[in-house]
Structure formats: structure tokens, C-alpha cells
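Thank you all for making time this morning. I would like to walk through one structure with you, going from charged pairs to cysteines, then to the core and finally to the surface.

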Amino acid sequence: MDNSRRVAKPGLVLALAAALAACSGDGDAPPGPVADGQSEAGAGAALHRFAPDPANPYEAPEPEHEVRVETDLMVPMRDGVRLATDLYLPVEPADRGDPLPVVMIRLPYDKASYRAGAISPARFFAGHGYAVVVQDVRGKYASEGDYLLSAADREDGYDAVEWASTQPWSNGKVGTFGCSYLGENQTQLMTQRHPAHAAAIPLAAGGAVGSAGGRYGYFGIFEGGAFGLSASFGWFRGNGRKRPGGEPPPPVEMFAALRELPTIDLMRKYGPPDRDTDWEEVMSTPLADEWWDGLGYLGDADRFDTPALHVNSWYDLGANETLQQWRMMRDNAVSDRGGAHQYVILSPTSHCMSERATENTVVGDVDFGDARLPYRSLYLAWFDHWLKGVDNGITDIPRVHYYAMGRNEWASADTWPPPGAEMTRLYLRSGGNANTRLGDGVLSAEAPDEEPADRFVYDPADPVPSRGGSVCCTGNPDDQPGAFDQSDIEEREDVLVYTGDPIGDGGLEIAGPLEARLYVSSSAPDTDFTVKLLDVHPDGRAINIVEGIMRARYRDGYEDPVMMEEGQVYPVRVDLHSVAHRFAPGHRVRIEVSSSNFPRFDRNLNTGGNNYDETEWEVAENMIHHAGDRASHIVLPVMEGDG
């Protein structure tokens, strides 16, 4: 393995309250970027040099000012609706009348929750000389107006920046900050290109991708046309009500509730007592319908001009979408100011938890080692540069800083995939009996000639259970994200298992986007195909790395769904997103294929109907082909010299 890609391992930082709140819910050309494949010392210094105390680089820098708070200022939007806003000011500079740079945080989770606690991001930034604006979005908590999921965030965000940048205490420059929904409304605001929006730090904001790049993700709810059931149920039930206040929804046994049909009735039965959410519209509106355009998610026509530091995690929803946004904001920029100043950090953690990494960062059941970075110092350096004009070298950092799981070290590059990643095919092969991990399924670099197809029965009454992975916000403590042993699930007859040979000395490292290309047939007019990549340890544990799903009716696009005909073979592509992972010597690469991953995704009922409003289902016999020009395979980004 090429050790020149290794960089220094960093350490502990306290969680930002913005991340916790989100989870509860939810220029000039750069002066010489760091070269790809840099040395360990060089890459580590590129980020750690921003920590003011080298002996404690992961502790939050000490505040420089006392902070006072002005609550519930009512800020008018262009249509006269007023949004409730708290203003945090550093006492000494504000009393002197110094013009202050502004950090703005807009959220649907109650701005009042930010008032207490020394680690509140509002108090943190204000303590370092910023005026901090924390605002309830339209229709939430103390704000006026009607709430519709994300619909007002482009225009309201623009108007809020206009207000903040023209106040007597403002220096005219506004940065935005926050995680999850708080990150997504930043990227939506970035499409408006307000001249005062000088910098952004969107954390875990992949849910803002709408139809961009043909993904049709919408709030991170959809993947491959399948509905993200458990995360959506948890979020809408806990945070989706259109009117603030009122009684919370009653306790419910999550898994039992999610099995009930029709799924469109779940929020009426188990949601907020007023039953007033956007659940039904979100679930039932066709993915290519123009209704989605009104929610303001990112599309291919959007243009950008705001420097941004994007942060996400491999076991979070939307890590790949964060990379997509990073690329869009670079390629669709209207000037070099925005296009040349897009940076991304990808940790190994789960939703909004990058800042909570420790010396032993356990995600699920796996210890991924020391995944710390001096995040708070980086965030301050970012805003100091763009909002205060400090020449601190923050634009010299690598464009992409990512954690290589399995190797358990940080690495960096200026492109994604990183230089040296070679797209490599591994073929799914068997004698026709790949069912269970005890079957005859193998992964091979050699393409098959003529081999029988693998068959399995998918019964929606008995779906393959979800375990771990990139899931968030379910509200169910038993449904945790991350890396877990899947070997018992692989004993099911409806799970096809394909395993490679033990990896030799030096290991095998992948870094970049992954995809499965399947040739399928089914007895049903429509069904799902799921794919999971796993790292099989010598002791037999099969640890999930990434996974994906594709609803067969959308195989040719989302605009015109097409059903299948029995006996016909169809190519289906399953997006496995992006990841950086090293398979150690003696480990094996494994692929699972099935037709369900429940309750992470809703069940395809195999009828060709809507799924969401049906109560009856059909059992499907599904087939994976691997012969001749129908050779099902995966594509892995293998780093040069590995494998």
C-alpha cells in the first residue's frame, strides 16, 4: 500500500449544540492548495495549525467576550410575515459600537434552546466577536406564517441576510452555520447569492439535494425511488408538525407501527395529536412532480457564489450528496470567489456527530480509532477569514479531507475520488445457489461465461431487517446507525451472498463512488433490489460499509416509471454512494443482494401500485443474472497499487 497518503490522526472536541439540536429534530484564487498525496506531517499541520493551543487542539478556544442576548426580535420578510429572532452580542465590542461580522443560524427546532449552556454555538461565536442571529423558521415556534417543509428557506434566508447585514451593529458580512436541517437551509440560501452571504458551514446537509444530478433525494427521504420510512417517521412524528406547541405524540412501539399498512396513514395514527404534518404529501407526490420545485431543494439549474466548508460523515444520511453539493458549488459557481473555495471534511461518525469523535471513535459496534479534528478552531478560522478579513491561511487546506475507515487515519486530496482511485469491477458469480452466506456465491475479478442465475423469494410480510448503516433521526433508541455484524442476517434464504478471497499482504483500500450493476428479472411488475458492501473479518463477522436500493420501476429514470414483464431481463444500477475504507490482510470483500431493507426503506409490495396506500401485497421471485453480457457486478474505486 502507498503510505504516502497517510496523514496525522487527530483528537477530541466537544459536541456543538447545533449538531445536538439537529439530531433531536436534527475573492481571489486560493493561494496554493496542498498537494494530493501529501505526507503525514504536512496534512496534519494543514488543519491542526488553526488550533490556538497545540497542547489541547481539540478543546474549544476560550471566549474573548461576555455575551448578552436580545430575545424575540420580530424580523419582517418581504411578504410582511415576521420571523422571531434572538440576537447574541459580544458585550465590549457592541457597547463600543464596533461593526460586527454576523453568524446566522436558522432552525425549525426552537431557537430558545440555544440560550442556555456555555457550548451553545450562538454563545460560542458571540464570545469570539461575532453578532449571532438565531431565527425560528417560518411557521415554527415564535415565528409567524405557515410552515411547509423547507419551502420558504430560499427567500426567507435571503431576507434574513438582508436584515442582518444592514443593522447598525453589522459590518455587512454574514456567515451561516448549522447541522442537518440547519445545514440544508444554508445550501438553499446559497442559490440566492446574496452579496452579503460571505461564507457558510453546512454540516450534514446532504438532504438539500432535490432533483440535481438525477438523484431525486428531497430532504434525504428518498433513495433510488424508495421511501426512507424509519427516518421520515421519526422526524415527522417528532418535528414535522406545522403548528408549534401542543401535546407530544404518545409513546409507540416503532417496529410494530412501521409494519402497519397503509403507510400513508401512519402519521394520522401515531403522529402529533393535531395530525398536521407534510407526511402525506411528501410520501404520495410523484418524484418528478412540479410540487417538489416549490420546496426549494437543489436542482441542476442552480448557481452559487458562497465559499463553503462542508462537513459530513460516512455513516450519516447524505455523505455522497454532500460531495455532490461540493462539486455543484464548485462547477456551477458564477465567480472564482465561490467556485475555488469549496472544501469538504468527511468523518467516520453518524448524523451530526463529527465533533463528538474521540480517541476511540465507536460507530455502531466498531472502533474506528482516533477520528478527532480541531473542528471549533477550524470553524472560527473559516469565519475569521471570510467575515473579518483575517489572512490565516484557511484556504490552503486540502479541498477534501476524509477519514479512511479500516486504516483509521485521515487522508486528503484536492479531488474526489482522490488521485489513484481506479474503477475496478468485481463480478457476482455462483453455481446458482448464492442464497445465504453458506451458499456458493463468490466475487471475482474474472467475468463469468455461462453461469445459472440466482433466485430468491421476496415476501413483503417477512422483509430483511435493517441493521445499522447510514440512518438517522428515527426516534427509536433500538435503531442505531453505524457498523454492525450482519452475519446472522446472511442466514436468510432471501439474501444472496457473494464473497471474495482473503485479501493478501498490504490490504485493499477503496476511496470514491461505488455502484452495483445488476441484471435482474422478477415475477412481479415492480420490486426493489438492495445491495450492501461488507468487510468480512477473519472471525466471521460481516461488517456493513455502505448500502443502497433501487426501485425497479425507476431503472430508466424517475419521470416515466416503467413496469417489468415476467421473463424479461433488465439492467438495474444501484448507487452505493461514496466511501473510504481499507480491507485489512486476511479480510474479505462481500456483497449482499436482496429486495428489502426494512424499516429503513418502505417495503415494495410487488403489485406495481403506489405502495404507500396499499394493504395487500404479492410475493415475488426475483433473479440475479451473471452470464455473458448479463454479468452482474460491482464497481469499486480501488486505490492504485492495492488489490
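Let me begin with a definition, since the first count depends on it: a salt bridge here is a side-chain nitrogen of Lys or Arg within 4 Å of a carboxyl oxygen of Asp or Glu. By that rule the count comes to 44 salt bridges, and I should say at once that what you are looking at is a predicted model, so please hear every distance I quote as a value computed from that model.

I have picked out three of these pairs. The first is R115 with D72, where the closest N and O atoms are 3.8 Å apart. R115 sits in the loop between β3 (100-107) and α4 (121-126), while D72 belongs to strand β1 (residues 67-76), so that distant parts of the chain, 43 residues apart, are linked by the pair. As for their surroundings, R115 counts as partly exposed because its relative accessibility is 25%, and D72, at 37%, likewise counts as partly exposed.

The second pair is R78 and E155, with 3.9 Å between the closest N and O atoms. Because R78 lies in the loop between β1 and β2 (82-90) and E155 in helix α5 (residues 153-165), this salt bridge ties together parts that are 77 residues apart in sequence. Is R78 buried or exposed? With a relative accessible area of 51%, R78 is exposed, whereas E155, at 43% relative accessibility, counts as partly exposed.

The third pair also involves helix α5, this time through R154, which forms a salt bridge with D302 at 2.9 Å between the closest N and O atoms. D302 is in the loop between α10 (279-284) and β9 (308-313), and the two partners are 148 residues apart. Here both R154 and D302 are buried. Before we leave the charges, let me return to R115 and D72, which are joined with D86 and K111 into one network by salt bridges that share partners.

Now to the cysteines. How many disulfides does a search of the whole structure find? The search finds 2, and with the bonded cysteines of the protein chain numbered in sequence order, the pairing is 1-2, 3-4. One of them joins C179 and C352, with the sulfur atoms 2.0 Å apart and a left-handed link of -105 degrees about the S-S bond. C179 comes from strand β5 (residues 170-179) and C352 from the loop between β10 (342-347) and β11 (362-363), which places the partners 173 residues apart, and both C179 and C352 are buried. The other disulfide joins C472 to C473, at 2.3 Å from S to S; this link is left-handed as well, with -80 degrees about the S-S bond, and C472 and C473 are both buried.

Turning to the interior, the largest nonpolar core holds 133 residues, and the members that touch the most others are F125, V132, W314, F383, L518 and L533. Helix α13 (residues 375-388) contributes the largest share of this core, with 9 residues. A second, separate core has 20 residues, among them L83, L89, A94 and A164. If we take V132 as a local example and leave aside its neighbours within four places in sequence, V132 is in contact with D86, L87, Y88, V103, I105, A122, F125 and A126. You will recall D86 from the salt-bridge network with D72, K111 and R115.

Finally, two places for those interested in the outside. E247 is located in the loop between α7 (229-239) and α8 (254-258), and E247 counts as exposed because its relative accessibility is 58%. Beyond the neighbours within four places in sequence, E247 is in contact with R241 and P273, and the C-alpha atoms of E247 and P272 are 7.3 Å apart although 25 residues separate the two in sequence. The other place is a nonpolar surface patch of about 270 Å², made by V457, W617 and V619. Of these, W617 is found in the loop between β23 (588-594) and β24 (620-627), and with a relative accessible area of 36%, W617 is partly exposed.

That is where I will stop, and I am glad to take questions.

Terms used
Residues numbered from 1 in each chain as written. Predicted model: local features only at pLDDT ≥ 70, side-chain atom pairs only at ≥ 80, totals over all residues. Heavy atoms only, no water. Core = buried A, V, L, I, M, F, W, Y, C linked by side-chain atoms within 4.5 Å. Buried < 20%, exposed > 50% of the residue type's maximum accessible area, 1.4 Å probe, protein only. Helix = DSSP H or I, 4+ residues; strand = E, 2+ residues; numbered from the N terminus. Contact = heavy atoms within 4.5 Å. Disulfide = S-S within 2.5 Å. Patch = residues over 30% accessible without salt bridge, like charges linked within 9 Å, V, L, I, M, F, W, Y side chains within 5 Å. Areas by Shrake-Rupley, 256 points an atom, 1.4 Å probe, with all protein chains shown as cover.
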